[in-house]
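Q: Please take a close look at one part of this model, the largest pocket. Which elements each supply at least two residues of its lining?

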Amino acid sequence: MSVLEVRNIEKHFGNTQVLNDISFSLEKGQAIAIIGSSGSGKTTLLRCLNLLERPDGGQIVVDGQVIFDATDLTTQRESEIRRKRLHFGLVFQNFNLFPQYTALRNVMLAGELLAQEQEGFKANKKAILQEIRARAEDLLTQVGLRDRMDNFPHQLSGGQQQRVAIARALALRPDILCFDEPTSALDPELTGEVLRVIRSLAEQNTTMIIVTHEMAFARDVADRIIFMDEGYIIEEGPALEVINHPREERTKQFLTNFSNQ
């Protein structure tokens with residue numbers, strides 16, 4: 001069974017239709033890369049999946065459970081939305097770390113806040129916080145920042161900050177990890193270190209959706225690629241097939257233009 005099913009998602013801002021009848025599925029352990037020109041709807045799609053934007057139509061299903069249905073108001077209650085966001089981890093373009101906290105604290109914070117809402121937290125506070133800290137330390141070690149845990153964001157390079165953001169997104173054990181152009185805010189020489197972390201996650205069969213402009217990376221790391229244009233899915237298929245042998249003329253044009261840039 002698919003870990004994620006996206007069914008007929010629609011989104012508009014005013015009179016502008018941004019997403020048109022978007023449907024796809026994602027299997028556990030798979031990575032999907034979403035490619036397309038700026039303004040094609042890629043980031044809006046990620047924000048809809050994470051319920052940072054409410055779709056105007058369609059359904060989002062995770063592990064067989066409908067977490068959002070545009071026709072069912074019970075799936076749109078704010079308390080429910082907050083809980084259902086936990087199915088997804090989102091790594092933003094611009095890191096969005098809290099500048100007043102160390103790398104370790106940035107990774108721990110969401111887990112601590114969530115734990116405080118759980119029954120029995122006060123009785124087991126010390127053990128719970130120790131467990132959250134241990135996981136944060138393990139994740140920062142996993143992304144190559146064992147010696148940077150006590151550094152503040154301003155003491156880290158852009159690539160290091162993005163790796164902290166990846167560790168933070170993994171901290172709550174999301175079903176699906178989403179990346180929104182994770183290297184777009186980085187200098188070219190820092191891009192490689194972030195891509196290496198994402199590649200290692202793919203090798204560990206982490207379920208991921210990656211919006212990216214790195215075509216070679218998408219081809220080599222993703223199981224499947226979705227090409228979007230003007231809010232539509234134009235083409236979807238195995239990564240090597242879409243990149244090396246696209247079927248649709250619009251996909252061919254995009255890849256040709258992109259390779260010439």
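**The largest pocket and its surroundings**

A: Four elements, α2 (78-84), β6 (88-91), α3 (103-116) and α5 (158-170), each supply at least two residues of the lining of the largest pocket. The model is predicted, so local features need pLDDT of at least 70 and side-chain atom pairs pLDDT 80 or more, while totals for chains, interfaces and linings use all residues. Residues are numbered from 1 along each chain as its sequence is written, and side-chain values use heavy atoms, without hydrogens or water. Helices (H or I, at least four residues) and strands (E, at least two) are DSSP runs numbered from the N terminus.

A pocket is an open set of points on a 1 Å grid over the protein atoms alone, where a 1.4 Å probe fits, with protein on both sides within 12 Å along at least five of seven lines; lining residues have an atom within 4 Å of a point. The volume of the largest pocket, the space filled by probe spheres set on its points, is about 840 Å³. Its lining comprises 22 residues, and Arg85, Leu86, Phe88, Ala110 and Leu172 lie nearest the centre. Helix α3 gives the largest share of this lining, with five residues. By class, twelve lining residues are nonpolar, five are polar and five are charged.

As for the sheet, an open arrangement of four strands follows the order β2-β1-β4-β5 with antiparallel pairing, where two strands pair if DSSP finds at least two bridges between them. Its edge strands, β2 (16-26) and β5 (65-69), each pair on one side only. Strand β4 (residues 57-62) joins β5 through four antiparallel bridges, and Gln59 has Asp69 in β5 as its bridge partner.

Note on methods
Ala, Val, Leu, Ile, Met, Phe, Trp, Tyr, Cys and Pro count as nonpolar, Asp, Glu, Lys and Arg as charged, and the others, Gly among them, as polar.
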